[in-house]
Amino acid sequence: MHKLCAIDGISEPGSKGFDHSPKGPVFVVRYDGQIFVYANNCPHLGVNLEWEPDRFLDKEDRLIQCCMHGALFRIEDGECLSGPCVGDSLTPVPHEIKDNTIYLFD
Ligand code: FES
C-alpha cells in the first residue's frame, strides 16, 4: 500500500493532484463526504486535466473538467457527460481509506 495523503489536506468540495504515485499521475476529488481517485489522464487526448495545480473541478465544483477542451466528467464515476469524449470515462484508481488517510494499492 502506498500512502497518498491525509483527507484533511483536501478541501471539500475540492481536488488535489499527485504527479508521482505507483499508478502514475493521479488526482483525488473530495465531494459530498466521499473520496474519488482517478488517473490524471483525459480519455480524449491523454493529457493532464487540471486548470492549475490542484484544480480539477469546474467553476461550480460539481463536475471534473478537462482544461484542454472543457470535457465534463461526473465526479462519482468519471463518465464524460459533455465534450469530445462523451461516453468515455476517467480511469478509477483502486484505493483504501484508513485513519483519514488515502492509500493506493501497489
Ligand atoms: S484533451 Fe481533455 S477534452 Fe480534449
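**Exercise 1. Decide whether Val-37 is buried or exposed, and describe its surroundings.**

Val-37 counts as buried because its relative accessibility is 3%, where buried means under 20% relative accessible area, exposed over 50%, and partly exposed in between, for a 1.4 Å probe and protein chains only. This value belongs to a predicted model, in which local features need pLDDT of at least 70, side-chain atom pairs count only at pLDDT 80 or more, and totals for chains, interfaces and linings use all residues. Residues are numbered from 1 along each chain as its sequence is written, and side-chain values use heavy atoms, with hydrogens and water left out.

The next step is to place the residue: Val-37 lies in strand E4, where strands (E, at least two residues) and helices (H or I, at least four) are DSSP runs numbered from the N terminus. Leaving aside residues up to four places away in sequence, Val-37 touches several others, among them Val-26, Phe-27, Val-28, Pro-92, Ile-102 and Leu-104; contact here means heavy atoms within 4.5 Å. Between the C-alpha atoms of Val-37 and Ile-10, which are 27 residues apart in sequence, the distance in space is 12 Å.

**Exercise 2. Work out in which order the strands E2, E3 and E4 are arranged, and which of them stand at the edges.**

These three strands form an open sheet with the order E2-E3-E4 and antiparallel pairing, and two strands pair if DSSP finds at least two bridges between them. Strand E2 (14-18) and strand E4 (34-39) stand at the edges with a single partner strand each, so one side of each is left without a neighbour in the sheet. From one strand to the next the twist averages 20°, an angle between N-to-C directions that runs from 0 to 180 degrees, with axes fitted as lines to C-alpha atoms.

Looking at one pairing in detail, E2 is joined to strand E3 (residues 26-31) by five bridges, and Ser-15 has Val-29 in E3 as its bridge partner.

**Exercise 3. Describe the sheet made of E5, E6 and E7 in the same manner.**

This open sheet of three strands has the order E5-E6-E7, again with antiparallel pairing. Strand E5 (63-65) and strand E7 (80-82) are at the edges, and because each has a single partner strand, one side of each lacks a neighbour in the sheet. The twist averages 40° from one strand to the next.

Two bridges join strand E6 (residues 72-74) to E7, and Leu-72 stands opposite Ser-82 in E7.

**Exercise 4. Locate Pro-92 and state which residues it touches.**

Pro-92 sits in the loop between E7 and strand E8 (95-98), and it counts as exposed because its relative accessibility is 54%. Not counting residues up to four places away in sequence, Pro-92 touches Val-37 and Tyr-38. The C-alpha atoms of Pro-92 and His-44 are separated by 16 Å, with these positions 48 residues apart along the chain.

**Exercise 5. Find the backbone features of Asp-32, Asp-54, Asp-99 and Pro-13.**

Asp-32, although not a glycine, has a positive phi of about 55°; it lies in the loop between E3 and E4 and is exposed, with a relative accessible area of 61%. Asp-54 likewise has a positive phi, near 65°, and is found in the loop between E4 and E5, where it is partly exposed at a relative accessible area of 34%.

Asp-99 takes a positive phi near 50° in the hairpin of E8 and E9, which has two residues between the strands. Four bridges join E8 to strand E9 (residues 101-104), and the two run antiparallel; Lys-98 has Thr-101 in E9 as its bridge partner.

Finally, the peptide bond from Glu-12 to Pro-13 is cis, with omega near -10°, and Pro-13 belongs to the loop between strand E1 (2-6) and E2.

**Exercise 6. State what the UniProt record says about residues 2-104, and describe that stretch.**

An unreviewed UniProt entry carries the annotation "domain: Rieske" for residues 2-104; such positions are given in the numbering used here, feature names are shortened, and annotations may be inferred rather than shown by experiment. Over residues 2-104 the chain is 0% helix and 38% strand, and the end C-alpha atoms are 5 Å apart.
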